Each structure stands twice: as structure tokens, then as C-alpha cells.
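Work through the exercises below with the model open beside the text. Each task is followed by a solution in steps.

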Amino acid sequence: MIKDYPPNKIVKWIAANIVERWVLRHFSSIKFIGDLNVAKDRSCLMLMNHYSYNDGAILHRVCRSVLKKEFKAMSVESQLKIFPLLKYVGCFPIDRKSRKMIESLNYAAGLLRDPSIMLGLYPQAGMYSMHLNKIHFGSGLNYIFKRIKETPLQVFFGVTLLDYLENFKPVARVYFMEYKGINEVEEMEKAYNQFYAECKRKQQHLFNPPERVIDEVK
């Protein structure tokens, strides 16, 4: 397992002011939609859809600007090998085909016992098109939840959707909600997909198209 390294002040400054800005320059703007009541005495688990390599920079900004916690994120090991410097920012790998997967899941569970931490996970466990109508969750979350049953934490959903419309560069809209159901993968996946569908309908309403072309509520 390629462990992450505790970031120092210089690394944090470089990540926020150089790396994050350099990656997000590809967007016309990043808009956060939805209020989150973040508790200081609880860790945060942020679950987001994974559509591109830009996701990490967006997740980093969410952590820094909205949640204001220490950034940690689980990344597919093959992707982390492409960008090895991410381990100095707070990223650590998981390889579903390796025996070391359990080591990564135990490490993630340990992080969630620290109230100063935000752990970012992409529950799809891989990169997929944002045009999918549903997001699937891997089974690793259940393993983590079984090891932190008595640990108070907040679970947040994040959905990133892009549109160009009147801009030459895409506008990234990041929708938020707090999940308050039971920490079980099937229930959480169902709740996430309900929220995901709501976000896509809101996105479809931009510029007021005819109502008949908007996805129906199911």
C-alpha cells in the first residue's frame, strides 16, 4: 500500500494555490449548491460521482472551502501511480484485485475516527461517464462501516455535473446534501441515486427548456 504523507504547511499552500487552481482553470466556474451543517466534533465522509481526473481538485476545494477539514481521499492505485505526488496531499490507494485492499479499507476506517478529517470516496470505485442515470456503490463501504459502528460521523453526498451553455468553458455545479439514513450500502446507494436524479433534473431546468423534455419523477 502506498501510504499518504502528512501534509505540511508548504504542501497545503502549493496544493491550494497552485495545483488546485491549475487543474480548475479548465472550468469557467465552480458552483456549490446546497448548505451543509458541518460539525467540528465529527469526521466527514464525502461520497461523490467520479467522471474525470478533475474530480480530485474539485473534491479538494470542497474540503478546503466548504467542510474545512483535513483532506484525505481514497484513489484507485493505478491512478495514483500516474500522479504519485497526490500522496503528499492526502491521497492513498486501493486496489480491488490485491490482498492489500483490506489494508486500505482498515486505514480508511481509522481515518474516520478523527473528527478533523474529511475522507473523500468515489463509491463507484472507478471512473465512469456522468451521463449514466445511476451510480453504483462498491461493497467496500460496508466493510468500513462495520469497523466504525460506534464512531460518530457525518455522511455527505456530492454530485458534480457540467454544462457549457453560454460559456466557452464548462461550469461545474456541485450539489450537496447530508445523508441521515442507516450506514448500509444498499440503502445509501438508493438514497444517493434519488439525490442524483434530483440534481440531474435541476441541471436540465437550466435556461428553462419545455417541461416535456425534463426527466419524469419516479
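The exercises concern a predicted model and go from the overall fold to the cores and then to the pocket.

**Exercise 1. Overall fold**

Task: Describe the secondary structure of the protein chain and judge its radius of gyration against that of a compact globule.

Solution:
- Step 1. Six helices and seven strands make up the secondary structure of the protein chain.
- Step 2. In sequence order, the pattern is α-β-β-α-β-α-β-α-β-α-β-β-α.
- Step 3. A compact globule of 218 residues would have a radius of gyration near 17 Å, and the protein chain has 17 Å, so the two agree.
- Step 4. The C-alpha trace spans about 50 × 40 × 35 Å along its principal axes.
- Step 5. Of the contacts with a separation of 6 or more, 73% join residues 24 or more positions apart.

**Exercise 2. Nonpolar cores**

Task: Find which residues touch the most other members of the largest nonpolar core, and which element gives the largest share of this core.

Solution:
- Step 1. Start from burial: 44% of the 218 residues in the protein chain are buried, that is, under 20% relative accessible area.
- Step 2. In soluble globular proteins, nonpolar side chains tend to be buried together.
- Step 3. The largest nonpolar core has 34 residues, and those touching the most other members are L45, L47, L141, F157 and M188.
- Step 4. Elements giving two or more residues to this core include strand 2 (43–48), helix 5 (140–146) and strand 6 (153–163).
- Step 5. Helix 6 gives the largest share of this core, seven residues.
- Step 6. Take L141 as an example: leaving out residues up to four places away in sequence, L141 touches L45, L47, L121, P123, V185 and M188.
- Step 7. There is also a second, separate core of 28 residues, with L80, C91, F156 and A172 among them.

**Exercise 3. The largest pocket**

Task: Work out which elements line the largest pocket and how its lining divides by class.

Solution:
- Step 1. The largest pocket holds about 740 Å³ of space.
- Step 2. Its lining consists of 27 residues, of which V19, V23, A57, F83 and L86 are the closest to the centre of the pocket.
- Step 3. Two or more lining residues come from each of helix 1 (9–24), helix 2 (55–67), strand 3 (70–76) and helix 3 (77–82).
- Step 4. Helix 1 provides the largest share of the lining, seven residues.
- Step 5. By class, 19 lining residues are nonpolar, six are polar and two are charged.

How values were computed
Residues numbered from 1 in each chain as written. Predicted model: local features only at pLDDT ≥ 70, side-chain atom pairs only at ≥ 80, totals over all residues. Heavy atoms only, no water. 1 Å grid on protein atoms, 1.4 Å probe; cavity = no way out; pocket = protein on both sides within 12 Å on 5 of 7 lines; lining within 4 Å. Points joined across faces, edges and corners; volume = space filled by probe spheres on them. Helix = DSSP H or I, 4+ residues; strand = E, 2+ residues; numbered from the N terminus. Nonpolar A, V, L, I, M, F, W, Y, C, P; charged D, E, K, R; others polar. Core = buried A, V, L, I, M, F, W, Y, C linked by side-chain atoms within 4.5 Å. Buried < 20%, exposed > 50% of the residue type's maximum accessible area, 1.4 Å probe, protein only. Contact = heavy atoms within 4.5 Å. Rg over C-alpha atoms; globule rule 2.2 N^0.38 Å.
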